[in-house]
Amino acid sequence: MRRSRTTALILIVALAACSGSERTPPPDSAVGQTSGATSATVKVGETSGFDVPESVRYDEELDVYYVSNINGNPSQKDNNGYIARVRADSTSVMTRLVEGGRAGVTLHAPKGMALRGDTIFVADIDVLRMFNRRTGASLGSVDFRAQNATFLNDVAVGPDGIYVTDTGIAFDAQGAMSHPGVNRIFRVVGRRVTVMAQGDSLSNPNGIAWDAANSRFVLAPFGSQSVQAWVAGQAHPTALVSGPGGYDGVEVLANGNLLVSSWADSTVHIVHGGTHMMPMVRGVEAPADIGVDTRRNLVAVPLFNGGRVEYYRIQ
């Protein structure tokens with residue numbers, strides 16, 4: 001646990017450097033504010049005991065949260081990552097659904113996840129792994145080594161396949177970061193991998209979510225101040241709204257609003273109408289890939305460096 005937290009601290013510094021130049025936060029940003037939620041946002045609980053939690057996905061049918069845990073260096077193939085399952089109606093109840101190194105499972109540093117049917121898709125450095133959401137049984141994997149993937153980060157279910165971002169970075173055993181890869185978005189259909197977009201305009205792509213109402217993807221890049229929109233087939237994304245940058249998770253709500261987490265100002269922001277960004281949950285250090293509880297109207301915020309997930313009412 002001590003080693004995991006040290007690695008997380010190194011990652012925060014490295015990713016901050018990766019994000020690029022100095023930023024001028026918007027007037028309504030959380031910089032300089034006291035920690036904790038805004039007066040309009042209510043924290044309803046938390047779950048502790050995680051090991052570098054990176055992503056949360058909510059399963060409405062089973063009423064559980066899945067939480068991916070890197071448990072060490074985000075680039076190290078140490079086979080000790082795991083996916084926890086937390087009861088949404090009693091968040092103190094947590095079990096490990098999938099564990100690297102147990103029951104024949106390989107899972108190194110799991111990050112973003114997506115659900116389709118009974119399958120959990122999870123990004124794991126240079127492999128997309130699949131597990132049964134009920135039993136945790138392995139359902140196989142898709143290998144991206146032929147594409148020289150370096151940091152598969154988030155996963156989204158699109159209308160024509162599974163989409164995966166590659167941030168292009170890597171961390172050595174001491175936690176030093178480099179960018180040996182290419183910023184890319186992949187599509188997976190069956191076991192076939194296709195590069196759908198690549199290049200600097202993706203700005204270290206991190207979070208990705210399908211926006212069905214607008215037939216597009218929404219991107220949360222770590223290296224840009226702009227939340228982006230992207231349509232499969234476009235060479236470059238377009239800017240939607242500008243904010244503090246350092247983005248990680250992004251979610252599209254049923255009413256069309258967006259939620260996006262930012263490491264730059266330790267805040268989960270809400271984007272109204274795709275054009276106006278304002279802080280919703282402040283004081284959440286290193287908020288990683290958020291998830292939305294559609295039954296209770298909550299956002300689940302994994303604190304990458306805090307070893308816990310916090311739950312807030314969406315306002």
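**Exercise 1. Strand β23 and its hairpin**

Determine how many of the seven residues of strand β23 (residues 276-282) are buried in this predicted model, and describe how β22 and β23 pair.

Solution. Start with burial, where a residue counts as buried if its relative accessible area is under 20%. Five of the seven residues of β23 meet this condition, so the strand is largely enclosed by the rest of the structure. Next, turn to the partner: strand β22 (residues 267-272) pairs with β23 in the antiparallel sense, and the pairing extends over six bridges. To fix the register, take H272, which stands opposite H276 in β23. Finally, consider the connection, in which three residues separate the two strands of the hairpin, and G273 in the turn has a positive phi of about 65°.

**Exercise 2. The hairpin of β20 and β21**

Establish whether strand β20 (residues 247-252) is mostly covered or mostly uncovered, and then characterise the hairpin that β20 forms with β21.

Solution. Five of the six residues in β20 are buried, and the strand is accordingly described as mostly covered. Its pairing with strand β21 (residues 258-262) is antiparallel and consists of four bridges. Within that pairing, V250 of β20 stands opposite V260 in β21. The hairpin has five residues between its strands, and G256, which lies in the turn, has a positive phi of about 95°.

**Exercise 3. Two open sheets**

Give the strand order of the open sheet that contains β1, and explain which side of each edge strand is left without a neighbour.

Solution. The sheet has four strands in the order β1-β26-β25-β24, and its pairing is antiparallel. The strands at the edges are β1 (43-48) and β24 (291-293), and because each has a single partner strand, one side of each is left without a neighbour in the sheet. From one strand to the next, the twist averages 25°. For the detail of one pair, β1 and strand β26 (residues 308-313) run antiparallel and are joined by five bridges, with T47 standing opposite V309 in β26.

Now give the order of the open sheet that contains β10, and identify its edge strands.

Solution. This sheet of four strands has the order β10-β11-β14-β15, again with antiparallel pairing. Its edge strands are β10 and β15 (192-198), each of which pairs on one side only. The twist here averages 25° from one strand to the next. Between β10 and β11 the antiparallel pairing runs over five bridges, and G158 stands opposite G161 in β11.

**Exercise 4. The nonpolar cores**

Find which residues touch the most other members of the largest nonpolar core, and trace the elements that give two or more residues to this core.

Solution. The largest nonpolar core has 15 residues, and those that touch the most other members are L128, F144 and V155. The elements that give two or more residues to this core are β7 (119-124), β8 (127-132), β10 (152-158), β11 (161-166) and β14 (184-189). To see how one member is surrounded, set aside the neighbours of F144 within four places in sequence; F144 is then in contact with D126, V127, L128, A149, L152, V164, F186, V188 and V193. A second core, separate from this one, has 14 residues, including L259, M280, V284 and V292.

**Exercise 5. Positive phi outside glycine**

Locate D63 and I125, and decide for each whether the residue is buried or exposed.

Solution. D63 has a positive phi of about 55° although it is not a glycine, and its place is the loop between β2 (53-59) and β3 (64-69). With a relative accessible area of 10%, D63 is buried. I125, likewise not a glycine, has a positive phi of about 65°, and lies in the loop between β7 and β8. The relative accessible area of I125 is 5%, so I125 is buried.

**Exercise 6. The chain as a whole**

Summarise the secondary structure of the chain, its burial and its accessible surface.

Solution. The secondary structure comes to one helix and 26 strands. Of the 315 residues in the chain, 57% are buried. The accessible surface comes to about 12,300 Å², and carbon and sulfur atoms account for 47% of this area. As a last step, take contacts between residues at least 6 apart in sequence: 50% of them join residues at least 24 apart.

How values were computed:
Residues numbered from 1 in each chain as written. Predicted model: local features only at pLDDT ≥ 70, side-chain atom pairs only at ≥ 80, totals over all residues. Heavy atoms only, no water. Buried < 20%, exposed > 50% of the residue type's maximum accessible area, 1.4 Å probe, protein only. Pairing = 2+ DSSP bridges. Contact = heavy atoms within 4.5 Å. Areas by Shrake-Rupley, 256 points an atom, 1.4 Å probe, with all protein chains shown as cover. Core = buried A, V, L, I, M, F, W, Y, C linked by side-chain atoms within 4.5 Å. Axes fitted to C-alpha atoms, helices over the stretch in contact; angles between N-to-C directions.
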